[in-house]
Amino acid sequence: MASFILRKAEPKDVSDILRLIKELAKFEEMEDQVILTEKDLLDDGFGEHPFYHCVVAEVPNEQQSSEGHTVVGFAMYYFTYDPWIGKLLYLEDFYVMKEYRGYGMGSKILKHLSNTAVKTRCSSMHFIVAEWNKPSIEFYKRRGASDLSSEEGWRLFEIDKQYLVKMSSEE
Amino acid sequence: MNYTVRDSTPEDCKDIMRLIVDLAEYEKMANEVKLTHKELEADGFSSNPFFKCLVAEVPEEFKSKEGHTLVGYGFYFFTYSTFKGRAVYLEDLYVMPEFRGKGIGKALMSHIAQIGRARGCVRMQFTVLDWNKPSLDFYSSQGALNLTATEGWQLLRFEGDHLEKLAQSAN
């Protein structure tokens, strides 16, 4: 099994994208945190000013998964900005179904994304990885990624909805 | 001392760049700033901006020792979480040392939280250097959670030659 195509996601893909998002969340042991719906994905990814961009990996019908799926991998990204160097490509999610690994799909997706980054004049591609996820960290480091948390001491923070509401109502 | 928080204009870019360099100096990384105020203008004020920036301004009679009235900024853009949807990312938050302790930092953050909520965002994320105790304390007091500490997230990056190399290997 080796044939697959990489293509830009279309509105019809939102159900498959959500399925893969949930699979990845399950792997990260955070499945119950996914509250996103297909409607959110549709509204937020395919309007005039999309919040994200997405590429999907698709196999031919005869190679469909054990549950009958042909969309077997995806990557979701958006553009961010570093006030020191300018535009960046931020890789939010990147996943290939287990039964389709080892065929170069992940590698191909990452190369496609870095190509997009270079073509859109981004200085860098950023993403986060859980520190216990050794296979992924190794995958990225083999391809030249640097770990900014250990090299520079950056720590990721979050302020969630209840505190945002609190903050925005204080003046 | 009174101050106003407002959306930035193209004319503010020189001042914003000055404050960006100030913050980079504080973070001990001033030599990493490659961006010019012209690029900032092009990337932030077109029909498809890559970032937004709020500025804090004081009246003439309270200007800084060097004669500046733009004394703080909050630099942000919109991102996407595959778990929860729309999010706002706080890239830079800075107030000149002589204007601290007056609630300007908090005001900038509140305004951005408000803008985020109006746009349907469910969270605000940002990174902080692990040695930056004053900032770590400030954000904790506002309800921020350190996701690197609690969930083990590490920030990674592909840049420069590594990004080019990865891109060129796509066919």
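## Strands that cross between chains

Two strands count as a pair if DSSP finds at least two bridges between them. Keep that in mind as you look at this predicted model, where strands from chain A meet a strand from chain B. Take strand β6 of chain A, residues 146–147: two bridges join β6 to strand β7 of chain B, residues 153–159, and the two strands run antiparallel. Want one spot to click on? Asp147(A) has Leu156(B), in β7(B), as its bridge partner.

Strand β7(B) also pairs with strand β5 of chain A, residues 124–130. This pairing is antiparallel too, and runs over seven bridges. Here you can look for Ala130(A), whose bridge partner in β7(B) is Trp153(B). And how much of β7(B) is buried? Six of its seven residues are, so you can call the strand mostly covered.

## How the two chains meet

Now zoom out to the whole interface. On the chain B side, 73 residues are in contact with chain A, and on the chain A side, 71 residues are in contact with chain B. Together the two chains bury about 7500 Å² between them. Carbon and sulfur atoms make up 62% of that buried area.

What about charges? Between chain B and chain A, the count is one salt bridge. Which residues form a salt bridge here? Arg86(B) does so with Asp44(A), and their closest N and O atoms sit 2.7 Å apart. As for the make-up of the surface, the side of chain B that touches chain A has 34 nonpolar, 21 polar and 18 charged residues. There are also 10 residue pairs in polar contact across the interface, with both residues of each pair at pLDDT 80 or more.

## A look inside chain B

Let's finish with one residue, Met124(B). You'll find Met124(B) in strand β5 of chain B, which covers residues 123–129. Is Met124(B) buried or exposed? Its relative accessibility is 0%, so Met124(B) counts as buried; the cut-off for buried is under 20%.

How far apart are Met124(B) and Lys84(B) in sequence, and how far in space? Along the chain, Met124(B) and Lys84(B) are 40 residues apart. In space, their C-alpha atoms are 12 Å apart.

Technical notes. Residues are numbered from 1 along each chain as its sequence is written. Chains are lettered from A and ligands numbered from 1 in the order in which they are written. This is a predicted model: local features need pLDDT of at least 70, side-chain atom pairs count only at pLDDT 80 or more; totals for chains, interfaces and linings use all residues. Side-chain values use heavy atoms; hydrogens and water are left out. Contact means heavy atoms within 4.5 Å. Buried area is the accessible area (1.4 Å probe) that two parts lose on being put together, summed over both. A salt bridge is a side-chain nitrogen of Lys or Arg within 4 Å of a carboxyl oxygen of Asp or Glu. A polar contact is a pair of N or O atoms within 3.5 Å; within protein, one must be able to donate a hydrogen and the other to accept it, and residues adjacent in sequence count only if both atoms are side-chain atoms. Ala, Val, Leu, Ile, Met, Phe, Trp, Tyr, Cys and Pro count as nonpolar, Asp, Glu, Lys and Arg as charged, and the others, Gly among them, as polar. Helices (H or I, at least four residues) and strands (E, at least two) are DSSP runs, numbered from the N terminus. Buried means under 20% relative accessible area, exposed over 50%, partly exposed in between (1.4 Å probe, protein chains only).
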